Amino acid sequence: MMKSLLAATALVACLVAPAFAQDLDPNGTWVDRWGTSFTFQLCGDGTQLCGVLNDIQGDSRTEENLAFVGQEVVQGTQVGPNKWEGNIALNGGNAKAIVEITGPDTLKITGCQAAIFCSSIDYQRS
């Protein structure tokens, strides 16, 4: 009986594991809790990620950052399932960016300047 239960559990784990590794669709508009929004789409050979800043709200709404509204500010190369690394235009310069889809309708952007000062913001698909 115990062997049957273990075998069934192993079979279920094998069937469920690929579902977690599947690529989720990054295409669409994503909004953070303050109202800042990006539109992401796959670009290049279909594995790169490009992001246009639609609007910026909250503490990041500065004259410097408003200049980037309507422009492609995120470019990334896929480094794993649902994860891209590249650059983001930030505060008049560029920072390292990691964009990761954390669920079917959730995405996280992490920006790092000088590889020391990092900040992450969660986004919801709109």
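Helices here are DSSP runs of H or I with at least four residues, and strands are E runs of at least two, numbered from the N terminus. On that basis the protein chain has two helices and eight strands. The model is a predicted one. Read from the N terminus, the order of elements is α-β-β-β-α-β-β-β-β-β. One helix thus comes before the strands begin, and the other falls between β3 and β4.

Start with the chain as a whole. The protein chain has 126 residues, and 27% of them are buried. Its exposed surface is about 7700 Å². Carbon and sulfur atoms account for 57% of that area. Take the contacts between residues at least 6 apart in sequence: 30% of these join residues at least 24 apart.

Now the sheet. The eight strands make a closed barrel in the order β1-β2-β3-β4-β5-β6-β7-β8, and the pairing is antiparallel. On average, neighbouring strands of this sheet are turned by 30 degrees against each other, with direction ignored. Strands of a sheet pair through backbone hydrogen bonds, in either a parallel or an antiparallel sense.

Follow the barrel from its N-terminal strand. β1 covers residues 28-31 and pairs with β2 over four bridges, antiparallel. Within this pair, Trp30 stands opposite Phe38 of β2. Strand β2 itself spans residues 37-43 and includes Ser37.

Ser37 deserves a closer look. Is Ser37 buried or exposed? Its relative accessibility is 9%, so Ser37 counts as buried, the cut-off being under 20%. Beyond its neighbours within four places in sequence, Ser37 touches Thr29, Trp30 and Val31. Its other contacts of this kind are Val52, Leu53, Asn54 and Asp55. Strand β1 holds residues 28-31, and β3 holds residues 48-55. Ser37 therefore has contacts in both β1 and β3. There is also a long-range relation to the other end of the barrel. Ser37 and Tyr123 lie 86 residues apart along the chain, yet their C-alpha atoms are separated by 8.2 Å. Tyr123 falls within β8, residues 117-125.

Turn to the C-terminal strands. β6 (residues 93-103) and β7 (residues 106-113) pair antiparallel over seven bridges. They form a hairpin with two residues between them. Gly103 has Thr106 of β7 as its bridge partner. β7 then pairs with β8, again antiparallel, over eight bridges. Here Lys108 stands opposite Asp122 of β8. This second hairpin has three residues between its strands. Ala114 in that hairpin takes a positive phi near 60 degrees.

Covalent links come next. A disulfide is a covalent bond between the sulfur atoms of two cysteines. The count in this model is two. With the bonded cysteines numbered in sequence order, the pairing is 1-2, 3-4.

Cys43 is joined to Cys50, with an S to S distance of 2.0 Å. The torsion about this S-S bond is about 80 degrees, so the link is right-handed. Both Cys43 and Cys50 are buried. Cys43 belongs to β2, and Cys50 lies in β3.

The other disulfide joins Cys112 and Cys118, whose sulfur atoms are 2.1 Å apart. At 115 degrees about the S-S bond, this link is also right-handed. How do its two ends stand, buried or partly exposed? Cys112 is buried, at a relative accessible area of 11%. Cys118 is partly exposed, at 46%. Cys112 sits in β7, and Cys118 sits in β8.

Last, the interior. In soluble globular proteins, nonpolar side chains tend to be buried together. The largest nonpolar core in this model has 19 residues. Phe38, Phe40, Leu107 and Ile109 have the most contacts inside it. Elements giving two or more residues to this core are β2, β3, β4 (72-80), β5 (83-90), β6 and β7. The largest share, four residues, comes from β6.

Phe40 shows how this region is put together. Leaving aside neighbours within four places in sequence, Phe40 contacts Pro26, Asn27, Gly28 and Trp30. Phe40 also contacts Leu49, Cys50 and Gly51. Further along the chain, its partners are Val74, Val99, Leu107 and Ile109. Among these, Cys50 is bonded to Cys43, and Trp30 is the residue opposite Phe38.

Terms used:
Residues numbered from 1 in each chain as written. Predicted model: local features only at pLDDT ≥ 70, side-chain atom pairs only at ≥ 80, totals over all residues. Heavy atoms only, no water. Buried < 20%, exposed > 50% of the residue type's maximum accessible area, 1.4 Å probe, protein only. Contact = heavy atoms within 4.5 Å. Areas by Shrake-Rupley, 256 points an atom, 1.4 Å probe, with all protein chains shown as cover. Pairing = 2+ DSSP bridges. Axes fitted to C-alpha atoms, helices over the stretch in contact; angles between N-to-C directions. Disulfide = S-S within 2.5 Å. Core = buried A, V, L, I, M, F, W, Y, C linked by side-chain atoms within 4.5 Å.
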